[in-house]
There are 2 protein chains.
Amino acid sequence: MKKVTLKDIAEKVGVSKATVSMVLNNKDINVSESTRDKILKTVKELNYIPNSVARSLSTNKSNTIGIILPDIENSFFSEVARAIEDVASSSNYNVIFCNTDNKKEKEEQYIKLLISKLVDGIIFLTGAYSSDNIKILKSNNIPFVLVDRYVENPKEVNGVYCLNEKGVELGMDYLLNKGKKRIAFVTGPMNLNISKQRLQGYINAMTKANLYNEDFVFEGDFTTDGGIDLTKEILKSNIKLDAIFYGNDAMALGGIKVLIREGYKIPEDISVMGFDNVKISSFIQPELTTVSQPIYDMGRAACTLLIDSIDDKTINKQIYFQPELVIRDTV
Amino acid sequence: MKKVTLKDIAEKVGVSKATVSMVLNNKDINVSESTRDKILKTVKELNYIPNSVARSLSTNKSNTIGIILPDIENSFFSEVARAIEDVASSSNYNVIFCNTDNKKEKEEQYIKLLISKLVDGIIFLTGAYSSDNIKILKSNNIPFVLVDRYVENPKEVNGVYCLNEKGVELGMDYLLNKGKKRIAFVTGPMNLNISKQRLQGYINAMTKANLYNEDFVFEGDFTTDGGIDLTKEILKSNIKLDAIFYGNDAMALGGIKVLIREGYKIPEDISVMGFDNVKISSFIQPELTTVSQPIYDMGRAACTLLIDSIDDKTINKQIYFQPELVIRDTV
DNA sequence: CTGAAAGCGCTTACAG
DNA sequence: CTGAAAGCGCTTACAG
């Protein structure tokens with residue numbers, strides 16, 4: 001059973017491939033009604049599915065985009081991925097996803113693979129603090145947009161970000177207003193810009209309140225398991241604390257678990273604040289008070305920006321989203 | 001800045017494109033050391049990235065597979081997706097993912113799109129109870145494997161499944177042994193085979209124990225929000241219950257939330273059992289007692305089976321995984 | 001209103 | 001050990 005091609009249907013109808021191609025691509029201003037109808041009918045009859053690889057080769061456009069992210073299992077990234085696929089598919093793009101586990105080498109490998117597959121653009125959530133891979137993207141002249149995490153010179157690349165520093169300040173204001181003084185902060189991996197920004201928000205607020213003490217800062221890794229381990233350490237250190245502000249929800253989830261297990265009442269004995277507003281954060285009990293990033297919107301904006309950028313390669317834009325305080329039960 | 005092609009590097013080295021192609025594809029048994037070295041050097045120098053679309057057109061192989069699933073945001077599916085991408089990428093395949101929201105039309109649309117992109121195979125997690133789309137796959141002679149959810153005639157297609165009926169029986173035995181008698185069961189959407197199988201496990205166990213009462217069965221939808229709504233209804237119905245067995249963890253999460261909010265102590269006042277052993281189920285407090293499907297392993301097996309099937313289109317195999325009881329804190 | 005022909009960038013027999 | 005040529009299935013000027 002051979003695949004049916006343009007040629008087959010051209011022959012059957014008795015026209016040239018060019019004509020068939022034109023009607024299939026809606027460039028049929030110059031094709032008579034009758035031949036168009038015949039062509040369309042035959043396409044149905046033979047169940048013709050165009051070979052878009054061949055199409056890509058001649059048009060130099062694949063109608064697929066790539067998304068490079070640390071781990072699709074992480075609900076932050078899967079929400080971004082969903083948003084991206086939603087707008088991509090409504091603009092007739094498919095999306096290839098790639099898990100890097102924050103490894104620079106994997107990122108590089110995937111970038112090259114995607115370029116070789118002629119993807120029309122790439123959405124890049126980098127976990128490696130390095131601009132080498134950005135250079136590869138640039139030198140290959142492929143449209144791309146960064147999301148959430150950026151490296152040097154953000155002004156020179158398309159990007160979608162959240163105002164992390166401000167977000168943490170928002171959360172801190174709330175904590176401070178509630179009378180919390182001894183507030184610990186658990187950072188993300190410190191090679192990531194977003195970790196630095198969030199920590200900066202904490203430092204700003206604590207300094208302003210004359211409460212800053214660097215012993216209250218703990219370096220985490222943005223994972224739930226990391227949140228568990230670090231919280232155990234914090235408890236062991238015997239520092240008396242009013243609240244713990246986790247640099248993201250994943251760590252806060254781990255933290256809450258340890259706290260409850262150790263007999264702490266939340267928020268009576270200790271308050272907990274997260275960051276991200278991942279879906280699960282409202283599924284747990286007590287529901288997590290957190291700072292929300294508009295994750296889905298950010299993904300959507302990224303994909304829209306990418307597609308604009310594919311259509312007009314000169315675009316170079318940065319979009320900043322506002323974080324918001326989400327008051328629930330843990331403070 | 002034009003892209004560099006095979007021709008460019010052939011010209012620069014002073015050989016034919018054929019020769020370059022051969023060394024790049026490791027079919028260079030017949031190429032002299034010296035020309036091979038020269039070629040490899042030039043490839044590096046010019047930063048040559050092969051155009052794999054052109055390659056696909058002549059080899060009729062794209063080295064990409066498609067995965068069609070209801071929603072990548074659902075952690076069950078994102079875990080499967082991660083497993084698939086892991087084995088795919090280690091075998092040099094990329095993966096395109098498609099969200100269908102359980103809509104048959106979307107499934108069909110994506111299948112056709114993927115076929116037109118010449119994907120080498122498709123992993124299909126269908127949410128629609130219909131074999132029409134399976135027929136399209138078959139008639140196009142494209143390798144595919146079903147995961148988790150199947151339709152008619154499973155013997156005729158590649159598939160990876162979990163023994164759902166047995167899994168629920170496992171959970172029921174545990175509940176029954178703990179002396180629970182008034183056990184409610186919340187099903188998934190009843191048009192899915194997996195929902196029927198899980199319900200059947202419940203019916204088997206209850207009937208055997210002489211405890212079956214159809215008033216204890218509630219039809220859910222596998223979502224957390226659905227779990228919330230349904231649990232409220234169950235409480236309102238005033239049926240006295242020892243335990244609720246939810247057809248999947250997502251619904252159990254919603255259920256636990258409602259129960260706690262309404263003042264029930266788990267497991268003292270009422271026990272809760274889930275199904276899936278999704279990652280979050282151990283992040284909540286109390287940790288969910290559930291029946292685990294080996295999700296990651298199932299994804300990995302599916303992708304391995306798909307690749308085997310791509311290499312040898314005659315393969316037709318069904319793999320069944322054993323569920324396991326995971327005892328934690330909610331029973 | 002329609003067709004012939006070149007081209008996209010590869011791979012693969014085949015010939016020498 | 002290497003090259004010339006055909007072919008994969010489309011699209012796109014160009015000509016008429």
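# Working through a DNA-bound pair of chains

The surface near DNA strand C is made of eleven nonpolar, twelve polar and four charged residues. Here, near means that a residue's C-beta atom, placed from the backbone, lies within 6 Å of the molecule or strand. Ala, Val, Leu, Ile, Met, Phe, Trp, Tyr, Cys and Pro count as nonpolar, Asp, Glu, Lys and Arg as charged, and the others, Gly among them, as polar.

This is a predicted model, in which local features need pLDDT of at least 70 and side-chain atom pairs count only at pLDDT 80 or more, while totals for chains, interfaces and linings use all residues. Residues are numbered from 1 along each chain as its sequence is written, and chains are lettered from A and ligands numbered from 1 in the order in which they are written.

## Exercise 1: The DNA strands

Find which residues come nearest to DNA strand C, and which helices supply its surface.

*Solution.* Step one: look at the 27 residues around DNA strand C; Val15(A), Ala18(A), Leu6(B), Ser21(B) and Ala54(B) come nearest. Step two: find the helices. At least two residues each come from α2 (17-24) and α4 (52-59) of chain A, and from α2 (17-24) and α4 (52-59) of chain B. Helices (H or I, at least four residues) and strands (E, at least two) are DSSP runs, numbered from the N terminus.

Step three: turn to DNA strand D. It has 27 residues around it, the closest being Leu6(A), Ala18(A), Ser21(A), Ala54(A) and Ala18(B). Again α2 and α4 of chain A and α2 and α4 of chain B each give at least two residues to the surface. By class, the surface near DNA strand D holds eleven nonpolar, twelve polar and four charged residues.

## Exercise 2: Where the chains meet

Work out how many residues each chain brings to the contact between chains A and B.

*Solution.* Step one: count both sides, with two residues in contact if their C-beta atoms, placed from the backbone, lie within 7 Å. Chain A brings 41 residues and chain B brings 41 residues. Step two: list the elements on the chain A side. Two or more residues come from each of α4, α5 (75-90), β2 (94-99), α6 and α11 (249-261) of chain A. Of these, α5(A) gives the most, with six residues. Step three: sort that side by class, which yields 20 nonpolar, 13 polar and eight charged residues.

Step four: look for strands that pair, meaning that DSSP finds at least two bridges between them. β2(A) and β2 (residues 94-99) of chain B are antiparallel, with three bridges. Opposite Ile96(A) you will find Ile96(B), in β2(B).

## Exercise 3: Two helices side by side

Decide how α6(A) and α7(A) are oriented to each other: roughly parallel or roughly antiparallel?

*Solution.* Step one: get the angle. Axes are lines fitted to C-alpha atoms, for helices over the stretch in contact, and angles run from 0 to 180 degrees between N-to-C directions. Helix α6 (residues 104-116) of chain A packs against helix α7 (residues 132-139) of chain A at about 10°, and their axes are 10 Å apart. Step two: apply the cut-offs. Angles under 35 degrees count as roughly parallel, over 145 as roughly antiparallel, 65 to 115 as roughly perpendicular and the rest as oblique. The two helices α6(A) and α7(A) are therefore roughly parallel. Step three: name the residues. Lys104(A), Glu107(A), Glu108(A) and Ile111(A) come from α6(A), and they meet Asn133(A), Ile136(A) and Leu137(A) of α7(A). That contact has three nonpolar, one polar and three charged residues.

## Exercise 4: The sheet in chain A

Find which strands lie at the edges of the six-stranded open sheet in chain A.

*Solution.* Step one: read the order, β7-β6-β8-β9-β10-β12 (chain A), with mixed pairing. Step two: look at the ends. β7 (217-219) and β12 (324-326) of chain A are the edge strands, each pairing on one side only. Step three: note the twist, which averages 20° from one strand to the next. Step four: zoom in on one pair. β9 (residues 271-276) and β10 (residues 289-292) of chain A are parallel, joined by four bridges, and Met273(A) has Thr289(A) in β10(A) as its bridge partner.

Step five: find the helix across the sheet. Helix α9 (residues 193-208) of chain A lies across β6 (183-187), β7, β8 (243-246) and β9 of chain A, and runs at about 170° to β6(A).
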